[in-house]
Each structure stands twice: as C-alpha cells, then as structure tokens.
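Okay, thanks everyone, I'll keep this short. Have a look at the model on the screen, and then I'll walk you through a few things in it.

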Amino acid sequence: LCPVPLQVDGLFIIGWMYLPPHDPHVDDPMRFKPLFRIHLMERKCATVECMYGHKGPHNGHIQIVKKDEFSTKCNQTDHHRMSGGRQEEFRTWLREEWGRTLEDIFHEHMQELILMKFIYTSQYDNCLTYRRIYLPPSSPEDLIQPGLFKGTYGSHGLEIVMLSFHGKKAKGTKITGDPNIPAGQQTVEIDLAHPVQLPDVENLRDFSELSRIVLEVQEQVRREEQEREQRQEEEEHSQQAASQPASPLGGEGAEGEETAAGAEGTTQDKASASQPFVLPMGVISRNEDYPRSCRVCFYGTGLIAGHGFTSPERTPGVFVLFDDDRFGFIWLELKSFSLYSRIKVSFQNAQAPSREAFDEMLKNIQPLAT
C-alpha cells in the first residue's frame, strides 16, 4: 500500500506514487514519481502505459475490479530490468529510496533489513492493486488534526502512518509496511484515558525510571480491564437470572462518566504549558533532531513482530505529543524511538463520506495487505 493520487492532465490520467523523504529526515517534503499513465483517445478509446522502471513509458493494462478498486499490469516487464542485473537494480533503488550507497551502511543487520525490503517491494513491480483510502474524519475533541504522518522505523527507514481518533483511543495505521509489520496493521494504539506524567529531565534520562512509570500505568490498565470484564459477566448473569435486561450499575456509570470527562478534559487542553523532554539514555533514535519539549504524553502499545509478520504482539510504550504536526512513540521493549511528522500534501476528494465509511475502510485494508 502507498498513497497514489490520480491526476487528470489534459488528455492523460496519471497515477503518482507518493514516497516519504530519505531516512531519517521526517520534516522534509514527500517525493513522488509516476506509476502509470492513461492516454484518453477519441471514441472512448484509451491506451495504458506503465511508467515504472528506467526505460521510459511502455505498454500496460488496467482493469476495474470493483467500486473503488482497480489493478494495473505491466506487459513489458523487461523495461523494469537493468543491464547490470539485480545488483545494479538494488544499488539504484538504494540510492533513490534511501539517498545512500551500500558502502555508506556499515551495520550488517541494517544491510540485511534493507535488502529484505528491496526484495519485498520489487516483487510487486509488474502487477499492482489499488484501493481507495479515505482520510480520517476529525472532530473538535481530537487531540490534534488526524491525517497522514511520516515516521522513522529504525533500519526499515521512513514509513507512512495514518493517525485517527476513536473516542478514548487513537490509532496509528500503517499505510506503507515492511518485512516485519505489513501495511494495514495498527502500528500504535494510544490510550487517551491514561496520561503519563513524565519525571523531570534529569530523572527522565534514566530509562529504568521511565520504564517503572509506564509499567505502573500498564498494570492499572490491566486491572481496569479485568474489573470491566468482571462487571460485564456479573451483569450478564443478573440478566439471565431475572430473564430481563438489568439496569446499569450506578458505580460503573459514575466511573465511566468520570473517566470520559477526565479524558475529554485532557485531550481538549491543547494550550497546556509545554514541558522539557529528552530521550532516556540507551533509547535509540534514527533522528536526533527531535523536539526538546512536549505538550502531553499518554500510555500506548506498539505492534512488533518477527520477519514475515510472525509472532505479532502488542508491547507497552509512550506516545509523546510535541505540537500540532509532530509526535513520537517510545517503544519500551525495543528501547527505540519513532518520530512522526505530518504530511502536508493536499489530497483532493479524499475525505471519508461518513465515520462508518472510514471505519469500514480501516477494517478492510488489513486483509488486503496481509
């Protein structure tokens, strides 16, 4: 998956592939290059050209699969190949996509991951399927404006993430993926009902202190989930015994209102004073030019997995809001930090017609990716 806006240019419809900037410069503008071009002829006739590769436009095919979905196929894949073979193709891809050469990368593990990503992406260069992606709807209660963000993902480079808000939760969904976590998966989930109070800067430098604070919040979240499940079981049991719907428990309603009010007050307080921020010692960041102050932090979980999306699990972390256009996530288990910066490209006609349509789209892109 990758954002591919369609642009009508005279007698042509052009599909552009939007790419994140070179790692780790998340604040740089997006890059783009053409993927296909449809030449509109007279009498409702059209020709399709594949624009992929380095040998210019060549013959392609397009097929409408169903509403909001179509596929393209290259009929001359030899135009994608280079005379120097896969090695030349890899070096060219590395230079264009990463702005680096193989000799620049000394870390053996990073070389391995980059090679895997090249193999992972290049296998889809002859036949591609496209599905409409809606931008997330917004409301005045949202912490910041939802939308698309560029984020650092260690040796995987920069990836595109969609931030959306769902009541007391915020979700970061991958629009582009990697060999570990594919596109369509929920990379981070933020619990807006559980803010994290960071210690002062000196104590924040101690990773064990941050870990202690986050794990305490994680335990609190676990207890609340157990209590909620227990209340639901008791309520279901009471309903079965009485053979009629039971009235809501007073304690549950009061607690729910208090939590919601607390979360609403926190998320709406966008003008709160900033606090100093620094990464704890030992936490790895691809981009050392992260903001040194933040507005607010929340408990969250991040999705990690082995190669091929094996053994996926959600692990604890900290969501750090810097300003309206940048946020970060500290992956506790990985001792890693991801910095995200808003994509400021204006996509026309991309807003979801309704909240239900957006939620349905979000649910459907996972099977498409996996």
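**Burial, a cavity and some rings**

So, to start: the chain has 370 residues, and 43% of them count as buried. Keep in mind that this is a predicted model. On secondary structure, we have six helices and 18 strands. If you take the contacts between residues at least 6 apart in sequence, 55% of those join residues at least 24 apart. And for the outside, the accessible surface is about 19700 Å², with 50% of that belonging to carbon and sulfur atoms.

Now let's go inside. How many cavities of 30 Å³ or more does the structure hold? Just one. Its volume is about 120 Å³. Sixteen residues line that cavity, and the ones nearest its centre are Leu 35, Cys 50, Thr 72, Cys 74 and Tyr 130. The elements giving two or more residues to the lining are all strands: S3 (31-40), S4 (46-50), S5 (58-66), S6 (69-74) and S7 (127-131). As for chemistry, the lining splits into nine nonpolar residues, four polar and three charged.

Okay, on to the aromatics. There are 20 aromatic pairs in the structure. Let me pick out Phe 90 and Trp 93, which are stacked, at 6.1 Å centre to centre with 25 degrees between the planes. Both sit in helix H1, residues 85-98, and they are three residues apart, about one turn of the helix.

Are these two buried or exposed? Phe 90 has a relative accessible area of 9% and Trp 93 has 14%. The cut-off for buried is under 20%, so Phe 90 counts as buried, and so does Trp 93.

Trp 93 has another partner, Phe 118. Their ring centres are 5.4 Å apart and the planes are at 55 degrees, so this pair is tilted. What does the pair tie together? Trp 93 is in helix H1 and Phe 118 is in helix H2, residues 108-122, so the pair ties together parts that are 25 residues apart in sequence. Like Trp 93, Phe 118 is buried.

One last stop, further along the chain. Which residues do ring pairs link into a cluster? The members are Phe 149, Tyr 153, Phe 319, Phe 327, Phe 329, Trp 331 and Tyr 340.

So, to recap: one cavity of 30 Å³ or more, a stacked pair within helix H1, a tilted pair between H1 and H2, and that ring cluster. That's it from me, happy to take questions.

Technical notes:
Residues numbered from 1 in each chain as written. Predicted model: local features only at pLDDT ≥ 70, side-chain atom pairs only at ≥ 80, totals over all residues. Heavy atoms only, no water. 1 Å grid on protein atoms, 1.4 Å probe; cavity = no way out; pocket = protein on both sides within 12 Å on 5 of 7 lines; lining within 4 Å. Points joined across faces, edges and corners; volume = space filled by probe spheres on them. Helix = DSSP H or I, 4+ residues; strand = E, 2+ residues; numbered from the N terminus. Nonpolar A, V, L, I, M, F, W, Y, C, P; charged D, E, K, R; others polar. Buried < 20%, exposed > 50% of the residue type's maximum accessible area, 1.4 Å probe, protein only. Contact = heavy atoms within 4.5 Å. Areas by Shrake-Rupley, 256 points an atom, 1.4 Å probe, with all protein chains shown as cover. Phe/Tyr/Trp six-rings, centres within 6.5 Å; stacked < 30°, edge-to-face > 60°.
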